[in-house]
Amino acid sequence: MKFTQLSVLLMFFFMTACSPGQLQNVVKDAMGSVPLTNGQIANGLKEALEIGIGKGATKLSALNGYFESPYKILLPPEARQITDRLQKIPGFKQVENEIVKRLNRGAEEAAKKAKPIFVNAIKSMSIADASKVLMGGQDAATTFLKNATFTDLTNSFNPVIQESLDKVQARKYWADAVTAYNKIPFVTKANPNLEEYVTGEALKGLFSMVEKEEANIRTNAAARTSDLLKKVFAKQDN
């Protein structure tokens with residue numbers, strides 16, 4: 001009897017001796033032994049990034065997503081000098097608390113529009129880059145994404161932040177505060193660019209969330225929510 005015929009016959013007897021559950025495991029093991037293609041590796045990595053970005057953007061775009069999180073945006077040092085002096089002026093006693101709240105509300109609003117910007121960047125990742133990133137460090141994918149797209153994302157994100165700040169009247173509130181401050185005798189006139197600062201801080205927080213989710217998927221098998229993710233990251237685990 002030829003070898004191939006014998007193999008088929010032995011497999012038949014083995015399959016008939018197995019329970020349905022055992023047979024399913026055998027098939028899974030056999031399928032898992034098939035080497036992944038470069039395309040599968042790239043797709044798995046992109047799926048992982050999209051999961052991380054989706055979770056990060058969703059968390060930060062919720063009410064108090066920034067404001068009551070480790071990524072809370074505080075005023076820059078030069079702005080605090082202004083708020084400290086304004087506390088003695090009627091109507092501006094709570095100026096720092098109010099402006100910080102509005103800055104974070106603006107960032108939370110902008111985060112709702114951030115996901116598609118990141119997803120488009122992920123989809124442009126080459127197969128070769130994806131393979132390198134998979135076998136990299138805990139934040140290799142996030143680092144690659146940040147290095148490759150940070151400038152473009154900043155340019156795209158800035159008008160969203162500006163629109164969001166205007167929606168909660170943060171820039172108008174700040175302009176009123178700066179106008180009041182500039183009327184104080186002998187002070188150096190000031191007018192910090194809020195949208196540029198908030199954009200940088202908002203993106204920093206968003207990338208931190210993406211990095212956290214990437215590390216979770218790399219190290220926590222339970223976080224790999226699809227068969228493709230399990231196969232791709234099993235390659236990394238070896």
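The legends below describe an overview and four close-up views of a predicted model.

**Figure 1. Overview of the all-helical chain, with 11 helices and zero strands.**
From the N terminus on, the elements run α-α-α-α-α-α-α-α-α-α-α. The chain has 238 residues, and 39% of them count as buried. Among contacts between residues at least 6 apart in sequence, 81% join residues at least 24 apart. The accessible surface of the chain is about 13,500 Å². Carbon and sulfur atoms account for 56% of that surface.

**Figure 2. The largest nonpolar core, a set of 54 residues.**
Tyr66, Ile99, Phe118 and Phe233 touch the most other members of this core. Two or more residues each come from helix H3 (38-61), helix H5 (95-111), helix H6 (114-123), helix H7 (127-134), helix H8 (140-167), helix H9 (170-182), helix H10 (194-219) and helix H11 (227-237). The largest share, nine residues, is supplied by H10.

**Figure 3. Surroundings of phenylalanine 233, a member of the largest nonpolar core.**
With neighbours within four places in sequence left aside, phenylalanine 233 is in contact with Gly44, Leu45, Ala48, Leu134, Ile217, Arg218 and Arg224. Phe233 is also listed, with Tyr66, Ile99 and Phe118, among the residues that touch the most other core members.

**Figure 4. Lysine 46, a buried residue with no salt bridge.**
Lysine 46 lies in helix H3. The nearest side chain of opposite charge belongs to glutamate 50, 7.8 Å away; a salt bridge would need a side-chain nitrogen of the lysine within 4 Å of a carboxyl oxygen. The side chain of lysine 46 instead reaches the backbone oxygen of lysine 123, at 3.3 Å. Not counting residues up to four places away in sequence, lysine 46 touches Ile122, Lys123 and Met125. Lysine 123 thus appears both as the residue whose backbone oxygen is reached and among the residues touched.

**Figure 5. Leucine 194 and its contacts in the region of helix H10.**
Leucine 194 has a relative accessibility of 4% and therefore counts as buried, the cut-off being under 20%. Residues up to four places away in sequence aside, leucine 194 touches Ile99, Leu103, Leu165, Ala170 and Trp174. One of these, Ile99, is among the residues that touch the most other members of the largest nonpolar core. Proline 76 is 118 residues from leucine 194 in sequence, while the two C-alpha atoms are 9.2 Å apart in space.

Technical notes: Residues numbered from 1 in each chain as written. Predicted model: local features only at pLDDT ≥ 70, side-chain atom pairs only at ≥ 80, totals over all residues. Heavy atoms only, no water. Helix = DSSP H or I, 4+ residues; strand = E, 2+ residues; numbered from the N terminus. Buried < 20%, exposed > 50% of the residue type's maximum accessible area, 1.4 Å probe, protein only. Contact = heavy atoms within 4.5 Å. Areas by Shrake-Rupley, 256 points an atom, 1.4 Å probe, with all protein chains shown as cover. Core = buried A, V, L, I, M, F, W, Y, C linked by side-chain atoms within 4.5 Å. Lys, Arg positive; Asp, Glu negative; His and termini not counted. Polar contact = N/O pair within 3.5 Å; in protein donor to acceptor, adjacent residues only side chain to side chain.
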